[in-house]
Amino acid sequence: MKKIANIIPILIVILLYHSAFAEETRPRLITVTGNAEVMVVPDEIVITLGVETCKKDLNSAKTENDKRIQKVINAAEKNGIDRKHIRTDFMNIEPQYDYKYENSRAFIGYIVRQSIVMTLRDTSTFEGVLGDALEAGANFVQDIQFRTTELRKHKDEARILAVKAAREKANDLAGELGQKVGKPYSIEEIPSGNQPWNHLSLQRGGGMIQNITMDEAGSAGSHATIALGQIKISAMVAVSFELE
(Lines give C-alpha, C1' and ligand atoms only; values in the text may rest on other atoms or scores of the structure.)
Protein backbone atom coordinates (compact mmCIF):
# COMPACT_ATOMS: atom_id res chain seq x y z
CA MET A 1 0.00 0.00 0.00
CA LYS A 2 2.91 2.33 0.80
CA LYS A 3 4.41 1.71 -2.67
CA ILE A 4 1.08 2.50 -4.35
CA ALA A 5 0.75 5.70 -2.33
CA ASN A 6 4.22 6.75 -3.55
CA ILE A 7 3.38 5.98 -7.21
CA ILE A 8 0.11 7.96 -7.36
CA PRO A 9 1.73 11.43 -6.96
CA ILE A 10 4.21 10.57 -9.70
CA LEU A 11 1.41 9.57 -12.08
CA ILE A 12 -0.47 12.78 -11.34
CA VAL A 13 2.63 14.85 -12.14
CA ILE A 14 3.14 12.96 -15.43
CA LEU A 15 -0.49 13.48 -16.47
CA LEU A 16 -0.37 17.19 -15.66
CA TYR A 17 2.86 17.52 -17.65
CA HIS A 18 1.42 15.82 -20.72
CA SER A 19 -1.77 17.89 -20.47
CA ALA A 20 0.19 21.12 -20.33
CA PHE A 21 2.41 19.96 -23.21
CA ALA A 22 -0.65 19.12 -25.31
CA GLU A 23 -2.09 22.58 -24.67
CA GLU A 24 1.14 24.21 -25.78
CA THR A 25 1.48 22.11 -28.99
CA ARG A 26 -2.18 22.23 -30.07
CA PRO A 27 -2.31 24.44 -33.20
CA ARG A 28 -4.38 27.58 -33.26
CA LEU A 29 -6.87 26.99 -36.03
CA ILE A 30 -9.58 28.75 -37.96
CA THR A 31 -12.09 26.46 -39.69
CA VAL A 32 -14.30 27.64 -42.53
CA THR A 33 -16.42 26.24 -45.35
CA GLY A 34 -16.13 27.19 -49.00
CA ASN A 35 -18.89 26.89 -51.59
CA ALA A 36 -18.78 27.18 -55.36
CA GLU A 37 -21.10 26.62 -58.31
CA VAL A 38 -20.27 26.07 -61.97
CA MET A 39 -23.02 26.62 -64.56
CA VAL A 40 -22.82 24.38 -67.62
CA VAL A 41 -24.92 24.04 -70.78
CA PRO A 42 -26.14 20.40 -70.91
CA ASP A 43 -25.01 18.27 -73.82
CA GLU A 44 -27.05 15.15 -73.05
CA ILE A 45 -30.75 14.45 -72.47
CA VAL A 46 -32.16 11.32 -70.83
CA ILE A 47 -35.84 10.62 -71.51
CA THR A 48 -37.95 8.02 -69.71
CA LEU A 49 -41.10 7.05 -71.64
CA GLY A 50 -43.78 4.52 -70.83
CA VAL A 51 -46.35 2.35 -72.54
CA GLU A 52 -49.50 1.14 -70.80
CA THR A 53 -51.97 -1.35 -72.22
CA CYS A 54 -55.05 -3.01 -70.76
CA LYS A 55 -56.91 -6.06 -72.10
CA LYS A 56 -59.06 -8.84 -70.70
CA ASP A 57 -56.56 -11.47 -71.79
CA LEU A 58 -53.11 -11.28 -70.21
CA ASN A 59 -51.25 -12.54 -73.26
CA SER A 60 -53.04 -10.03 -75.48
CA ALA A 61 -52.18 -7.17 -73.12
CA LYS A 62 -48.53 -8.23 -72.98
CA THR A 63 -48.28 -8.77 -76.75
CA GLU A 64 -49.80 -5.37 -77.50
CA ASN A 65 -47.48 -3.70 -75.03
CA ASP A 66 -44.40 -5.38 -76.49
CA LYS A 67 -45.39 -4.31 -80.02
CA ARG A 68 -45.76 -0.68 -78.99
CA ILE A 69 -42.50 -0.73 -77.06
CA GLN A 70 -40.71 -2.07 -80.14
CA LYS A 71 -42.23 0.70 -82.28
CA VAL A 72 -40.97 3.29 -79.77
CA ILE A 73 -37.49 1.76 -79.93
CA ASN A 74 -37.61 1.79 -83.73
CA ALA A 75 -38.61 5.45 -83.68
CA ALA A 76 -35.68 6.26 -81.41
CA GLU A 77 -33.23 4.42 -83.66
CA LYS A 78 -34.67 6.23 -86.68
CA ASN A 79 -33.69 9.49 -84.97
CA GLY A 80 -30.08 8.36 -84.57
CA ILE A 81 -30.11 6.91 -81.04
CA ASP A 82 -27.81 3.92 -80.75
CA ARG A 83 -29.45 0.73 -79.41
CA LYS A 84 -26.95 0.64 -76.53
CA HIS A 85 -28.43 3.94 -75.30
CA ILE A 86 -31.93 2.45 -75.02
CA ARG A 87 -32.89 0.21 -72.10
CA THR A 88 -35.96 -1.16 -70.33
CA ASP A 89 -36.31 0.51 -66.96
CA PHE A 90 -39.54 -0.87 -65.49
CA MET A 91 -42.18 -3.54 -66.11
CA ASN A 92 -45.36 -4.22 -64.19
CA ILE A 93 -48.38 -6.47 -64.72
CA GLU A 94 -51.46 -6.30 -62.51
CA PRO A 95 -55.17 -7.14 -62.69
CA GLN A 96 -57.58 -4.21 -62.76
CA TYR A 97 -60.98 -4.28 -61.03
CA ASP A 98 -63.99 -2.01 -60.87
CA TYR A 99 -65.39 -1.86 -57.34
CA LYS A 100 -69.00 -0.98 -58.15
CA TYR A 101 -70.61 -2.26 -55.00
CA GLU A 102 -69.49 -2.91 -51.46
CA ASN A 103 -67.80 -6.30 -51.08
CA SER A 104 -68.01 -6.95 -54.83
CA ARG A 105 -65.79 -6.21 -57.77
CA ALA A 106 -65.86 -6.59 -61.54
CA PHE A 107 -62.76 -7.71 -63.41
CA ILE A 108 -61.75 -5.17 -66.08
CA GLY A 109 -58.57 -6.70 -67.44
CA TYR A 110 -54.83 -6.86 -67.05
CA ILE A 111 -52.77 -3.69 -67.12
CA VAL A 112 -49.25 -4.05 -68.50
CA ARG A 113 -46.81 -1.17 -68.01
CA GLN A 114 -43.31 -0.82 -69.40
CA SER A 115 -40.97 2.14 -69.39
CA ILE A 116 -37.81 2.64 -71.41
CA VAL A 117 -34.95 5.05 -70.96
CA MET A 118 -33.16 6.58 -73.93
CA THR A 119 -30.08 8.80 -73.86
CA LEU A 120 -29.77 11.54 -76.47
CA ARG A 121 -26.17 12.50 -77.17
CA ASP A 122 -27.39 15.09 -79.68
CA THR A 123 -29.73 17.47 -77.86
CA SER A 124 -31.04 18.91 -81.14
CA THR A 125 -32.89 15.64 -81.80
CA PHE A 126 -35.06 15.97 -78.68
CA GLU A 127 -38.21 17.24 -80.40
CA GLY A 128 -38.11 14.62 -83.14
CA VAL A 129 -37.39 11.75 -80.73
CA LEU A 130 -40.16 12.67 -78.33
CA GLY A 131 -42.75 13.33 -81.03
CA ASP A 132 -42.02 10.13 -82.94
CA ALA A 133 -41.99 8.06 -79.75
CA LEU A 134 -45.43 9.34 -78.75
CA GLU A 135 -46.82 8.66 -82.22
CA ALA A 136 -45.28 5.17 -82.09
CA GLY A 137 -47.23 4.24 -78.98
CA ALA A 138 -45.68 5.76 -75.85
CA ASN A 139 -48.54 7.16 -73.79
CA PHE A 140 -46.76 8.85 -70.92
CA VAL A 141 -43.59 10.85 -70.35
CA GLN A 142 -42.24 9.91 -66.96
CA ASP A 143 -39.03 11.88 -66.69
CA ILE A 144 -36.59 14.12 -68.60
CA GLN A 145 -33.06 14.91 -67.39
CA PHE A 146 -30.64 17.45 -68.82
CA ARG A 147 -27.05 16.40 -68.07
CA THR A 148 -23.41 16.96 -69.00
CA THR A 149 -20.98 14.31 -70.21
CA GLU A 150 -18.05 16.25 -68.68
CA LEU A 151 -19.26 16.07 -65.09
CA ARG A 152 -15.84 15.13 -63.68
CA LYS A 153 -14.15 18.11 -65.34
CA HIS A 154 -16.72 20.61 -64.07
CA LYS A 155 -16.84 19.02 -60.61
CA ASP A 156 -13.06 19.41 -60.29
CA GLU A 157 -13.39 23.05 -61.31
CA ALA A 158 -16.08 23.61 -58.68
CA ARG A 159 -13.88 22.03 -55.97
CA ILE A 160 -10.95 24.34 -56.83
CA LEU A 161 -13.23 27.37 -56.64
CA ALA A 162 -14.63 26.13 -53.32
CA VAL A 163 -11.11 25.84 -51.83
CA LYS A 164 -10.29 29.38 -53.00
CA ALA A 165 -13.52 30.62 -51.46
CA ALA A 166 -12.60 28.95 -48.16
CA ARG A 167 -9.20 30.66 -48.05
CA GLU A 168 -10.73 34.06 -48.86
CA LYS A 169 -13.28 33.61 -46.11
CA ALA A 170 -10.59 32.56 -43.62
CA ASN A 171 -8.48 35.62 -44.50
CA ASP A 172 -11.46 37.94 -44.05
CA LEU A 173 -12.48 36.47 -40.71
CA ALA A 174 -8.96 36.33 -39.32
CA GLY A 175 -8.21 39.85 -40.53
CA GLU A 176 -11.13 41.25 -38.55
CA LEU A 177 -9.51 39.81 -35.42
CA GLY A 178 -6.03 41.05 -36.24
CA GLN A 179 -4.80 37.55 -37.14
CA LYS A 180 -3.08 36.11 -40.21
CA VAL A 181 -3.87 32.82 -41.87
CA GLY A 182 -1.03 30.31 -42.21
CA LYS A 183 -0.78 26.95 -43.92
CA PRO A 184 -3.77 24.60 -44.23
CA TYR A 185 -4.13 22.04 -41.46
CA SER A 186 -6.95 19.85 -42.82
CA ILE A 187 -9.45 19.79 -45.67
CA GLU A 188 -12.63 17.80 -46.22
CA GLU A 189 -15.17 17.75 -49.05
CA ILE A 190 -18.76 17.99 -47.88
CA PRO A 191 -21.31 16.12 -50.03
CA SER A 192 -23.84 18.60 -51.37
CA GLY A 193 -26.63 16.09 -51.93
CA ASN A 194 -27.70 17.91 -55.12
CA GLN A 195 -28.05 16.03 -58.39
CA PRO A 196 -25.74 17.51 -61.05
CA TRP A 197 -28.50 17.76 -63.67
CA ASN A 198 -31.76 19.54 -64.34
CA HIS A 199 -34.80 17.35 -63.84
CA LEU A 200 -38.17 17.72 -65.54
CA SER A 201 -40.94 15.37 -64.50
CA LEU A 202 -44.31 15.48 -66.23
CA GLN A 203 -46.51 14.22 -63.42
CA ARG A 204 -49.73 15.30 -61.79
CA GLY A 205 -51.43 13.98 -58.70
CA GLY A 206 -48.89 11.20 -58.29
CA GLY A 207 -49.71 9.72 -61.68
CA MET A 208 -47.75 9.92 -64.90
CA ILE A 209 -49.41 11.87 -67.67
CA GLN A 210 -48.85 12.70 -71.30
CA ASN A 211 -48.42 16.45 -71.05
CA ILE A 212 -47.99 17.21 -74.74
CA THR A 213 -49.15 20.12 -76.88
CA MET A 214 -50.32 19.15 -80.36
CA ASP A 215 -50.06 21.42 -83.37
CA GLU A 216 -53.08 22.56 -85.39
CA ALA A 217 -53.12 19.36 -87.40
CA GLY A 218 -53.15 17.25 -84.25
CA SER A 219 -49.67 15.88 -84.87
CA ALA A 220 -47.16 15.28 -82.08
CA GLY A 221 -44.26 15.79 -84.49
CA SER A 222 -42.34 19.00 -83.76
CA HIS A 223 -44.10 20.29 -80.67
CA ALA A 224 -41.96 19.92 -77.57
CA THR A 225 -39.70 22.94 -77.87
CA ILE A 226 -37.43 23.21 -74.84
CA ALA A 227 -34.82 25.65 -73.56
CA LEU A 228 -31.74 23.75 -72.40
CA GLY A 229 -30.55 26.55 -70.13
CA GLN A 230 -27.76 25.61 -67.76
CA ILE A 231 -27.25 23.00 -65.07
CA LYS A 232 -25.61 23.73 -61.74
CA ILE A 233 -22.62 21.72 -60.52
CA SER A 234 -21.68 22.58 -56.95
CA ALA A 235 -18.97 21.74 -54.44
CA MET A 236 -18.43 22.45 -50.76
CA VAL A 237 -15.31 22.00 -48.62
CA ALA A 238 -14.41 22.49 -44.98
CA VAL A 239 -10.85 23.72 -44.41
CA SER A 240 -8.89 24.37 -41.22
CA PHE A 241 -5.99 26.83 -41.42
CA GLU A 242 -3.35 27.48 -38.82
CA LEU A 243 -3.17 30.99 -37.45
CA GLU A 244 0.27 32.59 -37.55
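User: How far apart are D66 and K62 in helix α2?

Analyst: In this predicted model, they sit four residues apart in helix α2 (residues 58–78), so about one helical turn separates them.

User: What makes D66 and K62 a salt bridge?

Analyst: Their side chains meet at 2.7 Å, N to O. The cut-off is within 4 Å for a Lys or Arg nitrogen and an Asp or Glu carboxyl oxygen, so 2.7 Å qualifies.

User: Are D66 and K62 buried, exposed or partly exposed?

Analyst: D66 has 32% relative accessibility and K62 has a relative accessible area of 23%. Buried would need under 20% and exposed over 50%, so D66 is partly exposed, and K62 is partly exposed too. While we're on salt bridges, R152, D156, R159 and E189 are joined into one network by bridges that share partners.

User: How many salt bridges does a search of the whole structure find?

Analyst: It finds 13.

User: Why is the pair E37 and K232 called a salt bridge?

Analyst: Their closest N and O atoms are 3.6 Å apart, and that is within the 4 Å cut-off, so the name applies. This pair links distant parts of the chain: E37 is in strand β1 (residues 29–40) and K232 in strand β10 (residues 231–243), 195 residues apart. K232 is called partly exposed because its relative accessible area of 38% falls between 20% and 50%.

User: What do the side chains of E52 and R113 form?

Analyst: They meet in a salt bridge at 2.9 Å, N to O. E52 belongs to strand β2 (residues 44–55) and R113 to strand β4 (residues 106–120), so the pair ties together parts that are 61 residues apart in sequence.

User: How do you know whether R113 is buried or exposed?

Analyst: Its relative accessible area is 19%. That is under 20%, so R113 counts as buried. Its partner E52, at 32%, is partly exposed.

User: Which residues touch the most other members of the largest nonpolar core?

Analyst: I47, L49, V72, M118 and L120 do, in a core of 41 residues. Among the elements that each supply at least two residues of this core are β1, β2, α2, β4 and β10.

User: Which residues does I47 touch?

Analyst: Leaving out residues up to four places away in sequence, I47 touches I116, V117, M118, L120, F126, V129, D143 and I144. "Touch" here means heavy atoms within 4.5 Å.

Terms used. Residues are numbered from 1 along each chain as its sequence is written. This is a predicted model: local features need pLDDT of at least 70, side-chain atom pairs count only at pLDDT 80 or more; totals for chains, interfaces and linings use all residues. Side-chain values use heavy atoms; hydrogens and water are left out. Buried means under 20% relative accessible area, exposed over 50%, partly exposed in between (1.4 Å probe, protein chains only). A nonpolar core is a set of buried Ala, Val, Leu, Ile, Met, Phe, Trp, Tyr and Cys residues joined through side-chain atoms within 4.5 Å.
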